[in-house]
Amino acid sequence: MISVHNFPSPRICCIGAGYVGGPTMAMIAKQCPDIPVHVVDVNQHRIDQWNSSDLPIYEPGLQDVVEEARGRNLTFSTDVEGAIKSSNIIFISVNTPTKTFGIGAGRAANLEFIEKCARKIAECSTGHKVVVEKSTLPVRTAEAVKRILMSSANNATFDVLSNPEFLAEGTAIADLLNPDRVLIGGESEAAVEQLASVYGRWIPRERILTTNLWSSELSKLTANAFLAQRVSSINAISALCEATGADVDEVARAIGTDSRIGPKFLKASVGFGGSCFQKDILNLVYLCEHFGLNEVAKYWEQVVTMNDYQKKRFSARIVRTMFHTVSDKKIAIWGFAFKKDTNDTRESAAIYICRDLLEERARLTIYDPQVPESQIRAELTAVFQDTVGGLSEHHQRLIENNVLVSRDPYEAAKDSHAIAVLTEWDEFKRLDMTRVFHAMHRPAFLFDGRNILDAMHLASIGFEVHSIGRPSYRAGG
Ligand code: NAD
Ligand code: UGA
């Protein structure tokens, strides 16, 4: 039970105006109209977008939340120092990507941005501040943050809390409004209660869990590892379904009704994406190796290995099914975001499927309702750079000549030999598939990487349909 204390009125600052900082702070500002919330970022363009009607993030419901609070008690700016000085609770919500260089490259989290924030806070703080780790961090990062803060130029004092975020993109507003739990880890009971009292304005107290710092940091990595593990587990079974004639959606339903297993997160797919699952598991693997727990590290690494296999399996199946060659064939890609209802493409399975098909010299026409062409081209450029360590002329030509981006799913599918559904956007379920079929070459292949379309119905139109972990269908049986 959290007791009532006399805290100074909260004045909040959040460093990092990304997918977490923006929506999370907008929700706090909406729910607590008397608390000033100042979100700051070094990226001027991003801040300009937060101050416009064209937000940097596509997230259902976000626009309304931002518009309600912005100009009242929600501010976006690049004035990092000013925001630190004028607040008494400082959230750090900057990116913590996988390190691409030096020790731990490809596994460890890059904590450069976290450290820069801690140094900036130490440099310009006075009095007492509560510093909240909102970013996902390796266990015991708070120790390093505390040591940096102790070097404060002005003898400021600090409490450090861990308050990881569990929102999922596409449902961020609902998740923030009604979270399963809020987790706060910290040593100072007063600081924990001060933060809990902010969330307590709209979240029932029994859902605000408090732990020690290290449990809180580790719980975030563990939650993502468990979620990703479920997806890899059902995807592993999808491969067996394809080999045996079982249907993975039926298997998922059958096991999901066991209350100990539960029905959520059992949707077989072309592979999980997003900025966090892979990054956080690799981080966990790195931590385990660091502590000499090699078997534990190998266990979790297998979740990522299975995900890579699932993506490769899908592109290989397209090539195999289309008579072992997709060279010079037009393939429509429906969906590029890593899941529906977001414009985020980080680690999207679509990037890797497109890369593999381009390596096979396919001609791709990509349609996604929310992802702009510049972002699609940037992702494809980056993935080829990663593959060979620099963009070869050959790959540059492939991206220029073999990739078109369309603003219309029908246009994307016109004159194509195949369609690959890579994101589960609802609008794909409402398309006139007879019209699509008549505009395609024969056989009209459809590869449903999300199992969202009615395969039997499509076969009755004339499509040859291949889904994940389900029998294939074509006209006449
Ligand atoms: P993001 O890349 O969208 O945003 C991070 C922002 O921080 C960027 O705009 C960047 O310019 C800014 N930044 C970096 N260094 C800065 C500095 N020194 N000063 C000021 N601004 C700085 O990242 P994100 O998706 O919001 O993720 C942030 C953290 O939250 C990560 O640790 C991630 O693992 C975690 N997380 C993300 C999600 C999600 O759905 N994206 C969910 C839960 C947790
Ligand atoms: C995930 C977690 O769900 C959040 O709790 C967490 O806060 C967040 O990561 C984070 O730390 O960044 P997110 O990546 O936004 O959220 O989206 P999810 O709904 O978890 O989906 C992740 C990926 O798994 C997507 O590519 C999705 O299509 C895939 N997925 C998910 C499946 O293939 N099958 C499923 O059954 C569920």
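**Salt bridges and exposure**

Reader: Why is Arg-346 called partly exposed?
Author: In this predicted model, Arg-346 has a relative accessibility of 33%. Partly exposed covers the range between under 20% and over 50%, so Arg-346 belongs there.

Reader: What makes Asp-344 buried rather than exposed?
Author: Its relative accessible area is 2%. Buried means under 20%, therefore Asp-344 qualifies.

Reader: How do you know that Asp-344 and Arg-346 form a salt bridge?
Author: The N to O distance between their side chains is 3.0 Å. The cut-off is within 4 Å, so the pair counts as a salt bridge. Elsewhere, salt bridges with shared partners join Glu-81, Lys-120 and Glu-123 into one network.

Reader: What makes Arg-107 and Glu-289 a salt bridge?
Author: Their closest N and O atoms are 2.6 Å apart, and the limit is 4 Å, so the criterion is met. The pair links distant parts of the chain, 182 residues apart: Arg-107 lies in the loop between strand E4 (89-92) and helix H5 (112-124), Glu-289 in helix H11 (residues 277-290).

Reader: Why are Arg-107 and Glu-289 called partly exposed?
Author: Arg-107 has a relative accessible area of 21%, and Glu-289 has a relative accessibility of 32%. Buried requires under 20% and exposed over 50%, so neither term applies to these residues.

Reader: How are Glu-112 and Lys-116 placed in helix H5?
Author: They are four residues apart, which means a separation of about one helical turn. Their closest N and O atoms are 2.9 Å apart, so this pair meets the 4 Å cut-off for a salt bridge.

Conventions
Residues are numbered from 1 along each chain as its sequence is written. Chains are lettered from A and ligands numbered from 1 in the order in which they are written. This is a predicted model: local features need pLDDT of at least 70, side-chain atom pairs count only at pLDDT 80 or more; totals for chains, interfaces and linings use all residues. Side-chain values use heavy atoms; hydrogens and water are left out. Helices (H or I, at least four residues) and strands (E, at least two) are DSSP runs, numbered from the N terminus. Buried means under 20% relative accessible area, exposed over 50%, partly exposed in between (1.4 Å probe, protein chains only).
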